[in-house]
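The exercises below are meant to be worked through with the sequence and the coordinates open side by side. Try each task before reading the solution that follows.

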Amino acid sequence: MTEALSRYKQRNTFHDDTSTFQIDPISGLPNLKGLLSWFDNFSADDRNHEKHVIVSLYWIPKYKELHEQCGIRERDKMVTYVGELLRLSNTQNSFVSQIAEDEFVVVNYLNDENEMPNTIDHATNTFFGLREEFDREKRKVYGSGFELEVNCGCTYLYGGWKRDTEISSLIKMARTEMFANRLKHNNESKAKSQRSVREDYNSLMLLISQNKFIYHYQPIIDVKARNIYAYEALMRTDREINMSPLEI
């Protein structure tokens, strides 16, 4: 961890030559403007178009609850800690940013396509392993139910990508994957009872973008003629989405 942090500090010259408007004042990481600026410069070098890119989104879904449970200062320390863990968990060829108060984006860029699965596995396993250690320590203060929940989703950009590729589109794809992962791993009843307006919106976007509707056609029968003369079309969602027609 010490070596990883040392490498990061040595290569992280971003703060030295960038306006403070591109830096998050709490975590010290590049913000969304900083990420967009970095990716524009990254794309401007044609040699980078042969690299394979991984865009990962990390989201703290209970950001407001952290404020209520721990207070503003402690919440900000925890968010900063998430940023530090992401720095430590990723390789030298990466860019870590905080694009919103509760969202981080990590961009990894590799020469070898075969290294993409290993890179993301190493990063996520390291990050969540360190975060679990953090949870164990904080439970001594805030009780056994404390958890600094962080969800993750990734999208891949293979070598040969075009110069007009937008990082914002890649972030949206990673967010969709992140929310799909969250739905898969959460207990349905728990997700139902605690779901926020934002989560409902994300569910709807995932539902539409990936066409996760399920269609049933119920026959309507003419009893006298003994034949089917029409069908009632019923549209539902799969168990992953778990939204009723009324909610949609």
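**Exercise 1: a residue in its surroundings**

In this predicted model, L157 has a relative accessible area of 13% and is therefore buried. Task: find which element holds L157, and which residues beyond its sequence neighbours are in contact with L157.

Solution. Begin with the element: L157 belongs to strand 4. Next, set aside the residues within four places in sequence, and the contacts that remain for L157 are K51, H52, V53, M116, T165 and L170. Finally, take one of these partners, H52, and compare sequence with space: L157 and H52 are separated by 105 residues in the chain, yet their C-alpha atoms are 5.8 Å apart.

**Exercise 2: the nonpolar cores**

Task: state how many residues the largest nonpolar core has, and which of them have the most contacts inside it.

Solution. The largest nonpolar core has 26 residues, and those with the most contacts inside it are Y58, I60, V82, L86, F104 and L148. Turning to the elements, at least two residues of this core come from each of strand 1 (52-59), helix 3 (63-70), helix 4 (72-89), strand 3 (103-110), helix 5 (116-142) and strand 4 (151-157). A separate, second core has 20 residues, among them F42, W59, I99 and W161. As a last step, examine F104, whose contacts more than four places away in sequence include Y58, I60, V82 and L86, and also I99. In soluble globular proteins, nonpolar side chains tend to be buried together.

**Exercise 3: cysteines without a disulfide**

Task: explain why C152 forms no bond with the closest cysteine sulfur.

Solution. First, a search of the whole structure finds 0 disulfides. Then consider the distance: the closest cysteine sulfur to that of C152 is in C154, 4.0 Å away, and this is too far for a bond because the two sulfur atoms would have to lie within 2.5 Å. As for accessibility, C152 has a relative value of 13% and so counts as buried, and C70, at 15%, likewise counts as buried.

**Exercise 4: a nonpolar surface patch**

Task: name the residues that make the nonpolar surface patch of about 800 Å², and decide whether Y231 counts as buried or exposed.

Solution. The patch is made by Y215, Y217, I221, V223, I228, Y231 and M235. Two or more of these residues are given by strand 5 (213-222) and likewise by strand 6 (227-237). Y231 is placed in strand 6, and its relative accessibility is 52%, so Y231 counts as exposed, the cut-off being over 50%.

How values were computed
Residues are numbered from 1 along each chain as its sequence is written. This is a predicted model: local features need pLDDT of at least 70, side-chain atom pairs count only at pLDDT 80 or more; totals for chains, interfaces and linings use all residues. Side-chain values use heavy atoms; hydrogens and water are left out. Buried means under 20% relative accessible area, exposed over 50%, partly exposed in between (1.4 Å probe, protein chains only). Patches are made of residues with over 30% relative accessible area and no salt bridge: like charges are joined within 9 Å, nonpolar side chains (Val, Leu, Ile, Met, Phe, Trp, Tyr) within 5 Å. Accessible areas come from the Shrake-Rupley method with a 1.4 Å probe; for residues, only the protein chains shown count as cover. A salt bridge is a side-chain nitrogen of Lys or Arg within 4 Å of a carboxyl oxygen of Asp or Glu. Helices (H or I, at least four residues) and strands (E, at least two) are DSSP runs, numbered from the N terminus. A nonpolar core is a set of buried Ala, Val, Leu, Ile, Met, Phe, Trp, Tyr and Cys residues joined through side-chain atoms within 4.5 Å. Contact means heavy atoms within 4.5 Å.
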